[in-house]
Amino acid sequence: NIFYLEFNCAIPYNELSYKEIDKRIISDCLLRLKIVNRDRTDSLCDSLFNRFTIPSFSQAAREEMTFYLQFGKYLSFNDYEWSVELICGDNKGMIKGKKAISEIDYLMSDVILAYSILRDTTGGYMTKGNLRIMPNPSGLFEEGTKNLFLYYELYNISPNTNYLTISYLLTDTTERILRKITKTVEKKFTQQAVNLGINIEALKPGNYQLKTIVFDSLNNRNIEKPISFVIKGVKEKVKISFED
């Protein structure tokens, strides 16, 4: 009964403090994670030290550089509150959230929004299996972005017994269905990763929801996981923060 809760963080370069050491422009940051069990009031705390480097302020501004962190903790079934705090010089930032972990979460992971998913067999940072995933934890996409990518994992599958039918429903704030995509996935392993690219180039600025529905005919069961994202206008300036 152990569950892995993973956090993906995106940190814009201009939110950090910098200093120059040996002709390198660096930023030393401390990240503090706190997870509180709401049923037993016990907590888990951890700290991570990170050093970020930029080539120059002009290049960082031109490329709108963003640093990414990925980390997680193993937890049992329960209701939790969590907080992630970033401390960098005199700058501080924090985001909080809640997560209820139950047995249903062992059938399907949460869906990760990503800028890109590429094949990568090096096993380096931000990789899952043979894929390198560049997450978009803020859920913000520029107007005119060509594709949005999804990654998630399915568990407790019975291999070689028919197929899984997966539907993706894209809706707006009125819950009007803008697009429906249906695919079948052969059940080869007890655990399988699924990824997908969806064209969002024609979407206007606004808030959207993408619901992933997995149907297993073997047990006549649906598993659903929704995720929200935002298309922002090209002239809008939106601050990106942490998100689990």
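This briefing covers the overall build of the protein and then three of its residues. The model is predicted. The protein contains 1 helix and 17 strands. Its radius of gyration is 20 Å, which agrees with the value near 18 Å for a compact globule of 244 residues.

**Overall build**

- Along the principal axes, the C-alpha atoms of the protein fill a box of roughly 60 × 45 × 40 Å.
- Of the 244 residues in the protein, 42% are buried.
- Take the contacts in the protein with a separation of 6 or more: 66% of them come from residues 24 or more positions apart.

**Surface and charge**

- About 13900 Å² of the protein is exposed, and carbon and sulfur atoms supply 48% of that area.
- The protein carries 32 positive and 30 negative side chains.
- The centres of the positive and negative sets lie 2 Å apart.

**Two loop residues with positive phi**

- Lys23 is not a glycine, yet its phi is positive, at about 65°.
- Lys23 sits in the loop between strand E2 (19–21) and strand E3 (24–37).
- Lys23 counts as exposed because its relative accessibility is 78%, and the cut-off for exposed is over 50%.
- Glu64 is not a glycine either, and its phi is positive at about 50°.
- Helix H1 (57–63) and strand E5 (66–75) flank the loop that holds Glu64.
- Glu64 has 53% relative accessibility, so it counts as exposed.

**Tyr115 and its surroundings**

- Tyr115 belongs to strand E8, which spans residues 112–119.
- Why is Tyr115 counted as partly exposed? Its relative accessibility is 33%, and partly exposed lies between the 20% and 50% cut-offs.
- Beyond its neighbours within four places in sequence, Tyr115 is in contact with Tyr68, Met134, Pro135, Asn136, Leu140, Phe141 and Phe149.
- Asn136 also joins Tyr115 through a polar contact of 3.4 Å between their side chains.
- Phe77 is 38 residues from Tyr115 in sequence. In space, the C-alpha atoms of Tyr115 and Phe77 are 31 Å apart.

How values were computed. Residues are numbered from 1 along each chain as its sequence is written. This is a predicted model: local features need pLDDT of at least 70, side-chain atom pairs count only at pLDDT 80 or more; totals for chains, interfaces and linings use all residues. Side-chain values use heavy atoms; hydrogens and water are left out. Helices (H or I, at least four residues) and strands (E, at least two) are DSSP runs, numbered from the N terminus. The radius of gyration is taken over C-alpha atoms; the globule rule is 2.2 Å times the number of residues to the power 0.38. Buried means under 20% relative accessible area, exposed over 50%, partly exposed in between (1.4 Å probe, protein chains only). Contact means heavy atoms within 4.5 Å. Accessible areas come from the Shrake-Rupley method with a 1.4 Å probe; for residues, only the protein chains shown count as cover. Lys and Arg count as positive and Asp and Glu as negative; His and the chain ends are not counted. The place of a charge is taken as NZ of Lys, CZ of Arg, CG of Asp or CD of Glu. A polar contact is a pair of N or O atoms within 3.5 Å; within protein, one must be able to donate a hydrogen and the other to accept it, and residues adjacent in sequence count only if both atoms are side-chain atoms.
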